[in-house]
Amino acid sequence: MEFAESRRATLGVEWELALVDPASGDLVGRAAELVSAIDDPRVVGEFLTNTIELVTSVHDRVADATEELRQLRQAVVRAADPLGVAAIGVGTHPFADWHVQTVVPDERYLRVIDRAKQWGRQLAIWGVHVHVGLPSTDYVADVIGAALADYPLFLALSASSPFWEGQDTGFVSHRTMLFQQLPTGGLPPSFRDWAEIERKTEGLINAGVIVDERELRWDVRPSSRFGTVEIRIADSMSTISEIGAVTALAQCVAEEAMRAVDNGWPARRLPDWAVQENKFRAARYGLNTQFIIDAEGAVQNGREVLARRIDELQPIARDLDCEAKLISALAIGNDTNAERQRALMRSSGRHGLIDAMRADFLR
């Protein structure tokens, strides 16, 4: 596994978007048409024909990454309107039927369906992935562990998938529960260092679980070809401001871990059992629960954990010039996407909810 050279704490963001019919609000499989009309290598298709993905360049600052997303969003809107389609950022569609969604006939995607069968076919889901650049493999295992320690914050801030086929699932992130059903989906194993990452990945390849490293679909994974750790926890978000907050959190958490390594200190980690339980609690309740904060099982209210971590990370955020973006997570925590969706479904129905999501996409 050759780990590419990457500047420290640089960023790349991938925003998956669902395509809908403006009249019915239902999903439409017209990604190929839209990608062709935009004709920009930063706008690509994905697993399903109803999905496009906006992929930023490499940036040092969160503000620059989000500004590029705004530019790409405008390109999507300009091309989508004449085609009679619209884009929304959401973890799962509120009422679409997953059975009728079409998989892009790419060899890698078809392997997912062949192996995972119905679990693979159900993946009408969308997320936001944040790459953070690391200057060497010395940092990879510790950055992965640190991101997992803050897993519930990444998920609770982004959770946008309370509905599935028109029903309230009881979870704020049903996407999270679906995606972990893939053979290499969900939480990664624990790693002490880069050598252990290489050994475990080689074992997976030798056993025929994956063809190469790119088929590791862990919630947090090394991405050797880019020289990054990729944090794939978040549901797709409706607004660029929400993406900015989660991206700032990712950059600061990674830099905090790298500074710990530089100083010979232990980076933040939680035991596997605590990470697993925090993941479930965040997917089920968002911030309206208690998260496990140490190996002894101590717990703290979700919003208190968020406020504490933002306070701890503020000096790093100032150094990285993303303090305002990081602090904006507090406002998101008081008005989450999943809670807005539930309120809109009650007040405006399914079509009113889709209209609100389309409006959010333009904010």
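Start by selecting helix α6 (151-158) and helix α9 (residues 240-263). α6 and α9 pack at an angle of about 170 degrees, and their axes are 10 Å apart. That angle makes α6 roughly antiparallel to α9. On the wording: angles under 35 degrees count as roughly parallel, over 145 as roughly antiparallel, 65 to 115 as roughly perpendicular, and the rest as oblique. Axes are lines fitted to C-alpha atoms, for helices over the stretch in contact, and the angles run from 0 to 180 degrees between N-to-C directions. Helices (H or I, at least four residues) and strands (E, at least two) are DSSP runs, numbered from the N terminus.

Before you click on: this is a predicted model, where local features need pLDDT of at least 70 and side-chain atom pairs count only at pLDDT 80 or more, while totals for chains, interfaces and linings use all residues. Residues are numbered from 1 along each chain as its sequence is written, and side-chain values use heavy atoms, with hydrogens and water left out.

Now show side chains where these helices touch. On α6, pick L153, F154 and L157; on α9, pick V246, L249, A250 and V253. Contact here means heavy atoms within 4.5 Å. By class, this α6 and α9 patch has seven nonpolar, no polar and no charged residues. For the classes, Ala, Val, Leu, Ile, Met, Phe, Trp, Tyr, Cys and Pro count as nonpolar, Asp, Glu, Lys and Arg as charged, and the others, Gly among them, as polar.

**Next stop: α6 against α10**

Keep α6 on screen and add α10 (272-285). This pair packs at an angle of about 15 degrees, with axes 9 Å apart, which means α6 is roughly parallel to α10. α6 passes α10 in a right-handed crossing. (A crossing is left-handed if the near helix is turned anticlockwise from the far one by less than a right angle, and right-handed if clockwise.) Select Y151, P152, L155 and A156 in α6, and you'll find them meeting N278, K279, A282 and A283 in α10. The residues of this contact split into six nonpolar, one polar and one charged.

**Swing over to α5**

Go back to α9 and bring in helix α5 (residues 140-149). How do α5 and α9 pack? Their angle is about 135 degrees and their axes are 9 Å apart, so α5 is oblique to α9. α5 passes α9 in a right-handed crossing. The touching residues are D142, V143, A146 and A147 of α5 and V253, A254, A257, M258 and V261 of α9. They divide into eight nonpolar, no polar and one charged. V253 of α9 is worth a label, as it turns up in the contact with α5 and also in the contact with α6.

Now try a surface view: is α5 mostly covered or mostly open? Mostly covered: ten of its ten residues are buried. Buried means under 20% relative accessible area, exposed over 50%, and partly exposed in between (1.4 Å probe, protein chains only). What covers the buried residues of α5 includes α6, α8 (194-206), β10 (220-223), β11, α9 and α10.

**Strand residues to click**

Since β11 is among those covering elements, select D235 in that strand (residues 228-235). D235 counts as buried because its relative accessibility is 0%. Its side chain makes a polar contact with the side chain of R175 (3.1 Å). A polar contact is a pair of N or O atoms within 3.5 Å; within protein, one must be able to donate a hydrogen and the other to accept it, and residues adjacent in sequence count only if both atoms are side-chain atoms.

Then jump to G186 in strand β8 (residues 185-186). G186 is buried too, at 3% relative accessible area. Leaving aside neighbours within four places in sequence, G186 is in contact with F179, Q180, R217, W218, D219 and K279. You met K279 earlier, on the α10 side of the contact with α6.

**Last clicks**

Check the backbone at A9, in the segment before β1 (11-20). A9 has a positive phi of about 60 degrees although it is not a glycine, and at 4% relative accessibility A9 is buried. K117, in the loop between α3 (107-116) and α4 (118-121), also has a positive phi, of about 50 degrees, without being a glycine.

Finish at G264, in the loop between α9 and α10. G264 is exposed, with a relative accessible area of 65%.
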